[in-house]
Amino acid sequence: MKRYEDLRLENTREALQTGVTHHLLYSLGRNWKMATIREIYWAISLTVRDRLFERLFQTEQRYQDRGVKRVYYLSMEFLMGRALGNNLCNLKLFDTFKTMLEGQGVDLEEVRECTADAALGNGGLGRLAACFLDSMATLGIPGYGYGINYEFGHFRQEFSNGYQKETSDNWLKRGNPWQIARPEEACLVPLFGRILHTHDKRGDYSPMWLDWEMVVGVPFDMPIVGYGGETVNTLRLFSAKSSEEFDVEIFNDGDYHEAVKNKISSENISKVLYPSDSFRAGRLLRLVQECFFVACSIRDIAQTFLRSYDNFDLFPSKVAIQLNDTHPALAIAELMRFLIDEHSLPWERAWSITERTFGYTNHTLLPEALEKWPVSLMEYVVPRHLQIIYEINRRFLEQITIQWPLDEGLVRNVSLIEEGDEKQVRMSHLAMVGSHSVNGVAALHTELLKNHLLPDFYKLWPEKFNNKTNGVTPRRWLLKANPGLSGLITETIGAGWIRDLRKLKALEPYAEDAVFQERLMAVKRVNKEKLAALIRRDAHVTVDPESLFDVHAKRIHEYKRQLLKALHIVHQFLRITEEGWCPEVPRTYIFAGKAAPGYKVAKKIIKLINNIAAVVNAHPKARQYLRVAFVPDYRVTVAEAIIPGADLSEQISTAGTEASGTGNMKFAMNGALTVGTSDGANIEIMKAVGRENIFIFGHDVAGIRALRDGRDYNPWDFYENEPAIKQIMDAFTSNLFCPVDPGLFRWVFEHLLYGHDTYYHVADLASYLTIQEEVDHCFLDTPRWAAHVVRNIANTGIFSSDRTILEYARDIWGVGPDLSDTRQIPRPQPPA
């Protein structure tokens with residue numbers, strides 16, 4: 001029998017079993033008979049990790065030998081999900097491990113279930129970052145993620161009497177086999193303190209940052225393997241540690257709490273994702289988190305550069321830093337501080353380096369979501385950075401005044417400082433001024449940025465603005481999440497689609513093929529049965545897989561209009577109970593998503609949906625045709641079960657509010673038809689799959705703007721002239737859905753009809769009810785429905801994150817694939 005050392009990195013069944021046995025014995029002190037499922041999980045993970053880090057070292061050596069330019073993706077969120085299954089899929093070891101474990105009487109699926117999601121994000125922003133890392137590794141692009149190693153991820157969501165209840169998600173409490181700490185590469189981060197205004201020997205202004213407190217950022221590395229395993233990049237997350245464990249003198253005096261106070265305060269920085277900003281302490285912690293994150297990232301990036309080069313003029317040709325939204329924007333001031341204060345570069349040279357290094361991705365169309373920080377708070381936390389921001393602004397506004405000397409409005413609009421009772425630093429403005437590229441994430445989104453949200457900046461620098469429509473990785477969201485469908489696709493057209501999703505186009509000739517349709521719908525039926533089991537287990541609702549599974553799964557927010565979906569359900573319920581209607585198409589309405597803890601309206605919508613579910617599911621007649629389920633604690637693992645089982649994907653945000661969306665892409669890729677508005681990437685999905693293969697309703701952006709600008713939108717007009725809308729709204733003035741809490745949902749009636757319908761639910765409601773009738777008619781015609789499904793899958797190739805990353809690499813970063821083999825990488829095709 002071969003020794004462990006001889007088999008350590010082989011991928012045969014014998015080698016993998018030897019590796020797992022070795023780690024059980026020598027890493028965990030167990031044998032196969034004694035080991036628990038969790039211990040087997042750890043042994044498998046360590047066996048896989050051995051192979052990942054060996055390939056990571058090979059990848060890094062290849063990068064060094066070729067002197068490549070490196071991409072650093074800075075994001076406050078990385079919604080990675082579970083790692084084991086994804087790593088096995090990308091290494092092409094899933095089936096080998098499954099067979100090997102079966103020989104030991106172990107179910108791989110049971111092993112995978114015992115691990116926690118790495119919930120280091122709360123929605124699309126963090127999941128996009130995770131998809132991008134997968135694509136960069138698959139394409140061989142030297143790309144690294146940088147973020148915070150939150151001890152507590154996004155909260156766990158539970159329901160108590162229908163209300164959302166948040167509990168902590170200590171995802172690291174049992175350890176994480178995929179991370180390796182690098183304390184020897186820790187970064188020192190100064191915070192707080194004061195500025196001493198001094199001059200150097202030449203008489204030039206030379207401020208000194210004094211009396212700061214030092215925090216230590218300890219990096220934890222997580223390997224990111226691309227499909228096929230040729231490239232393994234790194235996600236580096238920083239944990240905050242105190243620079244001193246505790247004050248021994250105070251401890252000896254008997255005050256332990258006081259002795260460790262600084263240690264506790266420092267380590268709170270990486271304790272939790274997005275502390276509440278509804279009070280000053282929460283706002284302070286959020287700003288401190290951002291300062292800590294960017295300081296660690298910039299220092300680490302610079303140290304990597306300095307190991308190979310000693311001339312900072314080379315920095316932009318060897319380093320590209322992408323800001324994932326405004327949270328990391330302070331990195332611009334931090335790089336300037338690093339170059340000027342620590343390496344004595346003159347301002348002009350430092351600024352040229354900085355501007356050529358950074359790119360900024362905007363992810364919002366909501367003005368209130370563009371991050372701002374009070375000047376007073378920033379002066380308290382990072383006084384030197386605030387000085388630098390003011391100097392950036394002074395020089396920037398001087399240029400503007402020279403170019404447009406009479407346009408005071410322009411100067412006011414583009415200034416990095418917002419004047420008012422409390423001055424604010426506009427972080428999005430800092431990001432745009434300090435970057436050579438500003439991109440939106442869908443064609444519509446980018447046009448709205450240029451013409452409505454940021455027109456003054458587009459006027460200044462039209463060449464900076466560009467579009468990079470989002471995408472999702474097909475490895476996790478099709479190959480791994482939907483093995484039945486991915487197996488059918490591979491059997492039909494080959495496996496090339498896994499690396500080049502455009503090859504799904506070869507499925508289109510099968511749209512009218514009766515045999516293929518039958519096999520496709522059989523796969524969907526199995527996925528729906530799995531989803532039904534999850535709903536029964538987690539939402540405690542029994543649903544029929546024969547019904548149409550109508551899914552609205554995303555973060556709870558008014559603009560995403562879960563409330564509009566609820567109005568539709570109420571309409572269906574009232575038609576059944578008051579009009580004697582018997583639907584031809586039974587439906588299961590499935591909701592999933594979390595509301596921010598401080599977002600009161602969103603939490604009231606959750607309570608409403610849960611109460612509607614309780615009433616509908618208990619009604620003797622309605623429950624024959626309708627079921628409503630709210631699946632708690634939506635996360636990547638839950639999404640991997642919901643998305644493959646969906647028949648209908650609800651993408652119903654108010655036109656002009658959703659930047660892009662990526663859930664819409666995942667659902668379409670997995671064979672759910674979309675009902676949606678002309679918003680975000682829905683428009684590009686419609687163009688890709690064909691208008692006849694998607695259900696579009698409601699006002700478009702121009703229509704919504706006409707309602708808003710005309711100032712004559714009156715929801716009462718719809719209420720008084722549309723009997724169905726009146727019937728729905730009147731239901732909330734009764735206690736139909738709150739029999740034990742009278743008047744609980746009257747707020748819906750008042751909110752939507754008395755001038756608070758900011759997201760135009762009532763204006764779009766009639767159109768929404770009509771399009772849902774079209775959905776029913778189509779679903780009854782199974783061959784027609786199946787043909788639509790095939791055409792959706794076949795035309796989603798453009799929504800691969802591989803395409804998105806290749807566009808970033810070509811247009812913004814100036815890097816290319818750096819693969820160890822010679823396979824050809826497809827050129828990206830722009831969205832239609």
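The exercises below work through salt bridges, a helix, strands and cysteines in a model that is predicted.

**Exercise 1. Salt bridges within helices**

Task: Find out how many salt bridges the structure holds, and describe the pair formed by E109 and R112, including where the two residues lie.

Solution. Begin with the total, which is 57 salt bridges for the structure. Next, turn to E109 and R112, whose side chains meet in a salt bridge with a distance of 2.8 Å from N to O. Both residues belong to helix 6, which covers residues 108-113, and they are 3 residues apart, about one turn of the helix. Finally, consider accessibility with the cut-off that buried means under 20% relative accessible area. R112 has 15% relative accessibility and therefore counts as buried, whereas E109, at 35%, counts as partly exposed.

**Exercise 2. Two further helical pairs**

Task: Describe the salt bridge between R394 and E398 and the one between E750 and R746, and decide how exposed each residue is, given that partly exposed lies between 20% and 50%.

Solution. Take R394 and E398 to start with: the closest N and O atoms of this salt bridge are 2.7 Å apart. The two residues sit in helix 15 (residues 383-403), with a separation of 4 residues, about one turn of the helix. R394 is partly exposed because its relative accessibility is 39%, and E398 is partly exposed because its relative accessible area is 42%.

Then take E750 and R746, where the closest N and O atoms of the salt bridge are 3.1 Å apart. Helix 31 (residues 746-753) contains both of these residues, 4 residues apart, which is again about one turn of the helix. With a relative accessible area of 35%, E750 is partly exposed, and R746 is partly exposed as well, with 34%.

**Exercise 3. A network of salt bridges**

Task: Name the residues that are linked with R82 in a network of salt bridges.

Solution. Starting from R82, the network takes in E113, D117, R156, D169, K594, D633 and R635.

**Exercise 4. The span and buried side of helix 15**

Task: Compare the reach of helix 15 with the expected value, and list residues of this helix that are buried.

Solution. Count the residues of helix 15, which come to 21, and then follow the helix from its first C-alpha to its last, a reach of 31 Å. This is close to the 30 Å expected at 1.5 Å a residue. Among the buried residues of helix 15 are P383, R384, H385, L386, I388 and I389, and further along the helix the buried set also includes I392, N393, F396, L397 and I400.

**Exercise 5. S437 and strand 18**

Task: Determine whether S437 is buried or exposed, which residues S437 touches, and which strands are joined to strand 18.

Solution. First place the residue: S437 is found in strand 18, residues 437-440. Its relative accessible area is 4%, so S437 is buried. Leaving aside residues up to four places away in sequence, S437 touches F358, G359, Y360, K464, N466 and I812. With N466 there is also a polar contact between the two side chains, at 3.0 Å.

Next, look at the directions along the strand. In a regular strand the side chains alternate between the two faces of the sheet. In strand 18, S437 and N439 point one way while V438 and G440 point the other way, and all are buried.

Last, follow the pairing. Strand 14 (residues 358-361) runs parallel to strand 18 and is joined to it by 3 bridges, with T361 standing opposite N439. Strand 19 (residues 465-467) is likewise parallel to strand 18 and joined to it by 3 bridges, and here N467 is the bridge partner of G440.

**Exercise 6. An open sheet**

Task: Work out in which order the strands of the sheet containing strands 15, 16 and 17 are arranged, and which are the edge strands.

Solution. The 3 strands form an open sheet in the order 15-17-16, with antiparallel pairing. Strand 15 (372-374) and strand 16 (417-418) are the edge strands, each pairing on one side only. Between strand 15 and strand 17 (residues 424-426) there are 3 bridges in the antiparallel sense, and K372 stands opposite R426 of strand 17.

**Exercise 7. Cysteines**

Task: State how many disulfides the structure holds, and classify C582 and C778 by accessibility.

Solution. The number of disulfides is 0. C582, at 43% relative accessibility, counts as partly exposed, whereas C778, at 0%, counts as buried.

Note on methods: Residues are numbered from 1 along each chain as its sequence is written. This is a predicted model: local features need pLDDT of at least 70, side-chain atom pairs count only at pLDDT 80 or more; totals for chains, interfaces and linings use all residues. Side-chain values use heavy atoms; hydrogens and water are left out. A salt bridge is a side-chain nitrogen of Lys or Arg within 4 Å of a carboxyl oxygen of Asp or Glu. Buried means under 20% relative accessible area, exposed over 50%, partly exposed in between (1.4 Å probe, protein chains only). A polar contact is a pair of N or O atoms within 3.5 Å; within protein, one must be able to donate a hydrogen and the other to accept it, and residues adjacent in sequence count only if both atoms are side-chain atoms. Contact means heavy atoms within 4.5 Å. Two strands pair if DSSP finds at least two bridges between them. A disulfide is a pair of cysteine sulfur atoms within 2.5 Å. The expected span of a helix is 1.5 Å times one less than its number of residues.
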